[in-house]
Amino acid sequence: MQLDLNEVPDFYRPYFNHIADESIIASLERSKHAYDSIIQELTEEKSFHRYAEGKWSIKDVLQHIIDVERVFMYRALRFSRNDGTDLSGFEENEYASDANADARSLEALTKEFDALRSSSIAFFHSLEEKKLDRKGTANGHPMSVRFLGYLISVHLLHHLQVINERYL
């Protein structure tokens, strides 16, 4: 079963311009291939680029992608295990400023992303349909495990589009 777009909170709707008629696994794999294509174009020097003063570097964006995937996976794990606890939001700019991504190598960021995405794919492979339909609340919004699986992909694709349009 695919995602019901009526389930998508308004805040996330712009990201879902990137969704295709595919399974969560196919979506995660497709977005991973898109990531790999962008990474191949980057050099260590280019990864420090900021398109304007006060904006994140490419490394900051890559670290943000990693951090957000972890947060969304944590939510998916909790909801899939029938945990009804309302989960709080997080402040992405505080995460970014505290991550110190520019001190990391592009290779280290890529290895971390690869490991995380492999883990995310394995997790979603492990879930039967009824667990994908389980819901919880995060940051005041009800969401299903299925929604979170697709959100991981479209969030990545959104930021890759930003990198393409503003950084490269």
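These notebook entries record what I looked up in the structure.

**Entry 1: the model and its fold**

I noted at the outset that the model is predicted. I then went through the secondary structure and found six helices and two strands in the chain. I wrote down their order along the sequence as α-α-α-α-α-β-β-α.

**Entry 2: overall dimensions**

I looked up the extent of the C-alpha trace, which spans about 45 × 30 × 25 Å along its principal axes. I next asked whether the radius of gyration agrees or disagrees with that of a compact globule. For 168 residues such a globule would have a value near 15 Å, and the chain has 16 Å, so the two agree.

**Entry 3: burial, contacts and surface**

I recorded that 48% of the 168 residues count as buried. For the contacts with a separation of 6 or more, I found that 77% are made by residues 24 or more positions apart. The surface that the chain exposes comes to about 8500 Å², and carbon and sulfur atoms supply 47% of that area.

**Entry 4: charges**

I looked up the charged side chains and found 20 positive and 28 negative ones. The centres of these two sets lie 4 Å apart. How many salt bridges does the structure hold? I noted 14 of them.

**Entry 5: the salt bridges of E112**

I began with E112 and R70, which form a salt bridge whose closest N and O atoms are 2.7 Å apart. This pair links distant parts of the chain, since E112 belongs to helix α4 (residues 106-126) and R70 to helix α2 (residues 58-80), 42 residues apart. R70 is partly exposed, because its relative accessible area is 39%.

I then found that E112 also forms a salt bridge with R104, with the closest N and O atoms 2.6 Å apart. R104 has a relative accessible area of 24% and is therefore partly exposed.

**Entry 6: R146 and D133**

I turned to R146, which forms a salt bridge with D133 at 2.7 Å between the closest N and O atoms. Here too the pair links distant parts of the chain: R146 is in helix α6 (residues 145-167), while D133 is in the loop between α5 (129-132) and β1 (135-138), 13 residues apart. Is R146 buried or exposed? Its relative accessibility is 3%, so R146 counts as buried. D133, by contrast, is partly exposed, with a relative accessible area of 35%. I also noted a network in which salt bridges with shared partners join K32, D36 and D114.

**Entry 7: E69**

I located E69 in helix α2. E69 counts as buried because its relative accessibility is 2%, and the cut-off for burial is under 20%. Which residues does E69 touch, not counting those up to four places away in sequence? I listed F113, L116, R117, S120 and I152.

**Entry 8: D102**

I found D102 in the loop between α3 (92-99) and α4. Its relative accessible area is 23%, so D102 is partly exposed. Leaving aside neighbours within four places in sequence, I recorded contacts of D102 with S47, F48, R50, S57, K59 and D60. I checked one of these partners further: S47 is 55 residues from D102 in sequence, and the C-alpha atoms of the two are 8.3 Å apart in space.

Terms used. Residues numbered from 1 in each chain as written. Predicted model: local features only at pLDDT ≥ 70, side-chain atom pairs only at ≥ 80, totals over all residues. Heavy atoms only, no water. Helix = DSSP H or I, 4+ residues; strand = E, 2+ residues; numbered from the N terminus. Rg over C-alpha atoms; globule rule 2.2 N^0.38 Å. Buried < 20%, exposed > 50% of the residue type's maximum accessible area, 1.4 Å probe, protein only. Contact = heavy atoms within 4.5 Å. Areas by Shrake-Rupley, 256 points an atom, 1.4 Å probe, with all protein chains shown as cover. Lys, Arg positive; Asp, Glu negative; His and termini not counted. Charge placed at Lys NZ, Arg CZ, Asp CG, Glu CD. Salt bridge = Lys/Arg side-chain N within 4 Å of Asp/Glu carboxyl O.
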